[in-house]
Amino acid sequence: MDKNNILEIKNLVVHYITDDGVVEAVNGLNIDLDKGETLGLVGETGAGKTTTALGILRLVPNPPGKIIDGEIIFNGTNLLDKTEEEMRNIRGNQISMIFQDPMTSLNPVMTVGEQIAEGIQIHQKLSYDESMEKAIEMLELVGIPKERSVDFPHQFSGGMKQRVVIAIALACNPNLLIADEPTTALDVTIQAQVLELMRNLKEEFNTAMILITHDLGIVAETCNKVAVMYAGEIVEFASLEQLFEDPKHPYTIGLFGSIPNLEEDVERLNPIKGLMPDPTDLPSGCKFHPRCPHAQPICKEQEPITKDIGDNHQVKCLIYEGLVEAKEVE
């Protein structure tokens, strides 16, 4: 393992075993991340992005969720070999997560100051007063006046709650921050402020970050590398420049086709046809073939392998194995 490497996920498989069938949420996922880097994890709802994040923290709800296979190497050790107690020491201390909805991640009967202080007290073995002092510092760092540390979550707006959640996540200076759609519920101006805040704090603490989002605009602003996820697999992995200047996978190209471009005058956008497949009944062969404009009969039968097409730009598509001819797409 490269000494700069902070996280390496190898062949991660996560299933939810339900009465209605097995939900194949994550299927053979591979990711690596260096210290201080930001990786964007992009894809439609249902692609398996949040399950991947919960898998890293070993928080996949069990039952019905189960990590079936794979390795999650964090700072040189496999998290899947850790005991639950060892994982409790890692969560919130070395790896933190900003959950999707700040409303449901905060405790309604504790003041925000106490909620930030709680993690500091547990992980940094400080007294209650010292923890509260540090919690107030963290609040001010995210732009909330210290007087508000005695307020409860319901007294804050959505944007302020999100800042509190960021303060909790960063309170112990984690090596890795997982942000699960941290700006989805916010309006555009607050969104910009929260992203700016996360970027500044990340640089200050040299934290590596996985940013889960639907929004390619946020990826362009924030990330160094991008992993495009579809039906529980990474279909394209590239640096930010490679992905935005020369997307290769038909799914990635479809995502860009769904976004308005200020430089092009088109009558209609060209979104991806159809819906994400049902994870209890995934298509055979290439998972994207029912929606792919280039699909050939072989795509139904043969699962593509991930191919490096140069400069660590990886694509999972039969076109790049030379088995399918790319068509001209209108």
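**Close-up views of a predicted model**

**View 1. The C-terminal exit and the two faces of helix 5.** Gly143, located just after helix 5, adopts a positive phi of about 85 degrees. The model shown here and in the following views is predicted. Helix 5 itself comprises 14 residues, 128-141. From its first C-alpha to its last, helix 5 reaches 20 Å, close to the 20 Å expected at 1.5 Å a residue. Ser131, Met132, Ala135, Met138 and Leu139 are the buried residues to inspect in helix 5. They lie on the same side of helix 5, because the arc that they cover around the axis is only 115 degrees. The exposed residues Asp129, Glu133 and Glu137 are carried by the face of helix 5 turned away from its buried side.

**View 2. The packing partners of helix 5.** The buried residues of helix 5 pack against two helices, namely helix 4 (112-124) and helix 6 (158-170). Among the buried residues are Met132 and Leu139.

**View 3. An open sheet of four strands.** The strands follow the order 2-1-4-5, and their pairing is antiparallel. Strand 2 (21-34) and strand 5 (77-78) form the edges, each pairing on one side only. Strand 1 (residues 5-18) and strand 4 (residues 65-74) run antiparallel and are joined by eight bridges. Within this view, Val13 stands opposite Asp69 of strand 4. Strands of a sheet pair through backbone hydrogen bonds, in either a parallel or an antiparallel manner.

**View 4. The surroundings of Lys225 in strand 9.** Lys225 belongs to strand 9 (residues 225-230). Lys225 counts as buried because its relative accessible area of 12% falls under the 20% limit. Two polar contacts of its side chain are in view. A polar atom of the Lys225 side chain lies 3.3 Å from the backbone oxygen of Asp32, and a polar contact of 3.1 Å links the side chains of Lys225 and Glu37. Leaving aside residues up to four places away in sequence, Lys225 also touches others, including Leu33, Thr38, Leu39, Phe237 and Leu240.

**View 5. Asp20 and a residue distant in sequence.** Asp20 is situated in the loop between strand 1 and strand 2. Asp20 is classed as exposed because its relative accessible area of 74% is over the 50% limit. Although Asp20 and Thr280 are 260 residues apart in sequence, their C-alpha atoms are 8.2 Å apart in space.

Conventions:
Residues are numbered from 1 along each chain as its sequence is written. This is a predicted model: local features need pLDDT of at least 70, side-chain atom pairs count only at pLDDT 80 or more; totals for chains, interfaces and linings use all residues. Side-chain values use heavy atoms; hydrogens and water are left out. The expected span of a helix is 1.5 Å times one less than its number of residues. Buried means under 20% relative accessible area, exposed over 50%, partly exposed in between (1.4 Å probe, protein chains only). The arc is that of the directions from the helix axis to the C-beta atoms. Contact means heavy atoms within 4.5 Å. Two strands pair if DSSP finds at least two bridges between them. A polar contact is a pair of N or O atoms within 3.5 Å; within protein, one must be able to donate a hydrogen and the other to accept it, and residues adjacent in sequence count only if both atoms are side-chain atoms.
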